[in-house]
Amino acid sequence: MTHCSEDDLILHYYGELPSQRDLTQHLDTCAECAAAYQAIADTMRLVAIPDVPGRGDAYGREVWQQIRARLPERPAPAPGTTPEDPIGSLLSQLGDNQQKPAPDGQAPK
Ligand SMILES: [Zn+2]
(Lines give C-alpha, C1' and ligand atoms only; values in the text may rest on other atoms or scores of the structure.)
Protein backbone atom coordinates (compact mmCIF):
# COMPACT_ATOMS: atom_id res chain seq x y z
CA MET A 1 0.00 0.00 0.00
CA THR A 2 1.26 3.44 -0.83
CA HIS A 3 1.26 6.07 1.87
CA CYS A 4 -2.11 7.34 3.01
CA SER A 5 -3.51 10.59 1.68
CA GLU A 6 -4.65 13.26 4.08
CA ASP A 7 -8.22 12.76 2.85
CA ASP A 8 -8.06 9.05 3.65
CA LEU A 9 -6.69 9.77 7.11
CA ILE A 10 -9.52 12.20 7.80
CA LEU A 11 -12.10 9.69 6.58
CA HIS A 12 -10.44 7.06 8.74
CA TYR A 13 -10.70 9.36 11.74
CA TYR A 14 -14.46 9.60 11.22
CA GLY A 15 -14.74 5.89 10.44
CA GLU A 16 -16.07 6.61 6.96
CA LEU A 17 -13.39 4.96 4.87
CA PRO A 18 -14.69 1.89 3.02
CA SER A 19 -11.46 -0.06 3.59
CA GLN A 20 -10.75 0.80 7.21
CA ARG A 21 -8.91 -2.46 7.80
CA ASP A 22 -6.34 -1.86 5.05
CA LEU A 23 -5.55 1.60 6.36
CA THR A 24 -5.37 0.41 9.95
CA GLN A 25 -2.90 -2.29 8.94
CA HIS A 26 -0.82 0.30 7.09
CA LEU A 27 -0.82 2.64 10.08
CA ASP A 28 0.47 -0.24 12.23
CA THR A 29 3.48 -0.71 9.98
CA CYS A 30 4.24 2.78 8.64
CA ALA A 31 5.60 5.30 11.14
CA GLU A 32 5.29 8.17 8.66
CA CYS A 33 1.56 7.67 8.09
CA ALA A 34 0.97 6.89 11.75
CA ALA A 35 2.56 10.24 12.68
CA ALA A 36 0.48 12.04 10.04
CA TYR A 37 -2.67 10.35 11.33
CA GLN A 38 -1.83 11.27 14.91
CA ALA A 39 -1.37 14.92 13.92
CA ILE A 40 -4.70 14.92 12.05
CA ALA A 41 -6.47 13.19 14.93
CA ASP A 42 -5.06 15.72 17.41
CA THR A 43 -6.35 18.57 15.24
CA MET A 44 -9.76 16.96 14.75
CA ARG A 45 -10.22 16.57 18.49
CA LEU A 46 -9.94 20.37 18.80
CA VAL A 47 -12.94 20.84 16.56
CA ALA A 48 -15.90 20.65 18.87
CA ILE A 49 -19.05 19.44 17.18
CA PRO A 50 -21.93 21.20 18.90
CA ASP A 51 -24.95 19.23 19.97
CA VAL A 52 -27.98 19.73 17.81
CA PRO A 53 -30.59 21.48 19.93
CA GLY A 54 -33.80 19.60 20.51
CA ARG A 55 -37.10 20.80 19.13
CA GLY A 56 -39.20 22.64 21.63
CA ASP A 57 -42.89 22.14 22.22
CA ALA A 58 -43.65 25.12 19.98
CA TYR A 59 -41.68 23.78 17.00
CA GLY A 60 -44.73 22.63 15.03
CA ARG A 61 -46.54 25.91 15.63
CA GLU A 62 -43.48 27.92 14.56
CA VAL A 63 -43.15 25.96 11.32
CA TRP A 64 -46.86 26.35 10.65
CA GLN A 65 -46.66 30.12 11.20
CA GLN A 66 -43.85 30.32 8.64
CA ILE A 67 -45.69 28.23 6.06
CA ARG A 68 -49.15 29.64 6.63
CA ALA A 69 -48.47 33.07 5.14
CA ARG A 70 -47.24 31.50 1.89
CA LEU A 71 -50.27 29.30 1.33
CA PRO A 72 -52.96 30.40 -1.15
CA GLU A 73 -56.32 31.54 0.11
CA ARG A 74 -58.72 28.73 0.88
CA PRO A 75 -61.80 28.53 -1.32
CA ALA A 76 -65.09 29.56 0.21
CA PRO A 77 -66.83 26.74 2.06
CA ALA A 78 -69.56 24.88 0.26
CA PRO A 79 -73.10 25.92 1.14
CA GLY A 80 -74.35 24.24 4.26
CA THR A 81 -70.91 23.79 5.76
CA THR A 82 -68.82 25.85 8.06
CA PRO A 83 -65.15 26.69 7.55
CA GLU A 84 -64.39 24.71 10.69
CA ASP A 85 -65.79 21.57 9.08
CA PRO A 86 -63.38 20.70 6.26
CA ILE A 87 -64.39 17.03 6.23
CA GLY A 88 -68.06 17.90 5.94
CA SER A 89 -67.24 20.34 3.17
CA LEU A 90 -65.27 17.72 1.28
CA LEU A 91 -67.99 15.10 1.69
CA SER A 92 -70.58 17.60 0.55
CA GLN A 93 -68.59 18.36 -2.58
CA LEU A 94 -68.16 14.67 -3.30
CA GLY A 95 -71.86 14.09 -2.88
CA ASP A 96 -72.64 16.97 -5.24
CA ASN A 97 -70.33 15.56 -7.89
CA GLN A 98 -71.92 12.13 -7.73
CA GLN A 99 -75.39 13.54 -8.28
CA LYS A 100 -74.41 15.55 -11.34
CA PRO A 101 -74.58 13.81 -14.71
CA ALA A 102 -71.34 13.39 -16.58
CA PRO A 103 -70.54 16.09 -19.17
CA ASP A 104 -71.60 13.75 -21.97
CA GLY A 105 -75.10 13.46 -20.46
CA GLN A 106 -74.69 9.91 -19.21
CA ALA A 107 -75.11 8.92 -15.62
CA PRO A 108 -71.88 8.61 -13.67
CA LYS A 109 -70.61 5.06 -13.27
ZN1 LIG B 1 2.64 5.10 4.93
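Let us start where two helices meet: Glu-6, Leu-9, Ile-10, His-12 and Tyr-13 on the H1 side face Ala-36, Tyr-37, Ile-40, Ala-41 and Met-44 on the H3 side. Sorted by class, this contact is made up of eight nonpolar residues, one polar and one charged. Do keep in mind, as you turn the structure around, that this is a predicted model.

How do the two helices sit against each other? H1 covers residues 6-13 and H3 covers residues 31-46, and they pack at an angle of about 55° with their axes 10 Å apart. An angle from 65 to 115 degrees would count as roughly perpendicular and one under 35 as roughly parallel; H1 and H3 are therefore oblique to each other. As for its hand, the crossing of H1 and H3 is right-handed.

Now zoom in on one residue from that contact, His-12, which belongs to helix H1. Is His-12 buried or exposed? His-12 has 22 other C-beta atoms within 10 Å, and since 20 or more is the mark for a buried residue, His-12 counts as buried. Leaving aside residues up to four places away in sequence, His-12 touches Leu-17, Gln-20, Leu-23 and Tyr-37. Tyr-37 will be familiar, being one of the H3 residues in the contact with H1. Leu-23 is worth a look too: 11 residues separate it from His-12 in sequence, while their C-alpha atoms are 7.7 Å apart in space.

With that corner in view, step back to the whole chain. The protein chain has five helices and zero strands, so its pattern, read along the sequence, is α-α-α-α-α. Burial such as that of His-12 can be set beside the figure for the whole chain, where 6% of the 109 residues count as buried. What share of the contacts between residues at least 6 apart in sequence joins residues at least 24 apart? In this chain the share is 36%.

Finally, travel along to helix H5, residues 86-99, where you will find Ser-92. Ser-92 has 16 C-beta neighbours inside 10 Å. Because 20 or more would make a residue buried and 12 or fewer would make it exposed, Ser-92 counts as partly exposed. If you look from Ser-92 back to Gly-80, 12 residues away along the chain, you will find their C-alpha atoms separated by 8.5 Å. So the tour ends with two residues to set side by side: His-12 in H1 is buried, whereas Ser-92 is partly exposed.

Notes: Residues are numbered from 1 along each chain as its sequence is written. This is a predicted model: local features need pLDDT of at least 70, side-chain atom pairs count only at pLDDT 80 or more; totals for chains, interfaces and linings use all residues. Helices (H or I, at least four residues) and strands (E, at least two) are DSSP runs, numbered from the N terminus. Two residues are in contact if their C-beta atoms, placed from the backbone, lie within 7 Å. Axes are lines fitted to C-alpha atoms, for helices over the stretch in contact, and angles run from 0 to 180 degrees between N-to-C directions. Angles under 35 degrees count as roughly parallel, over 145 as roughly antiparallel, 65 to 115 as roughly perpendicular and the rest as oblique. A crossing is left-handed if the near helix is turned anticlockwise from the far one by less than a right angle, and right-handed if clockwise. Ala, Val, Leu, Ile, Met, Phe, Trp, Tyr, Cys and Pro count as nonpolar, Asp, Glu, Lys and Arg as charged, and the others, Gly among them, as polar.
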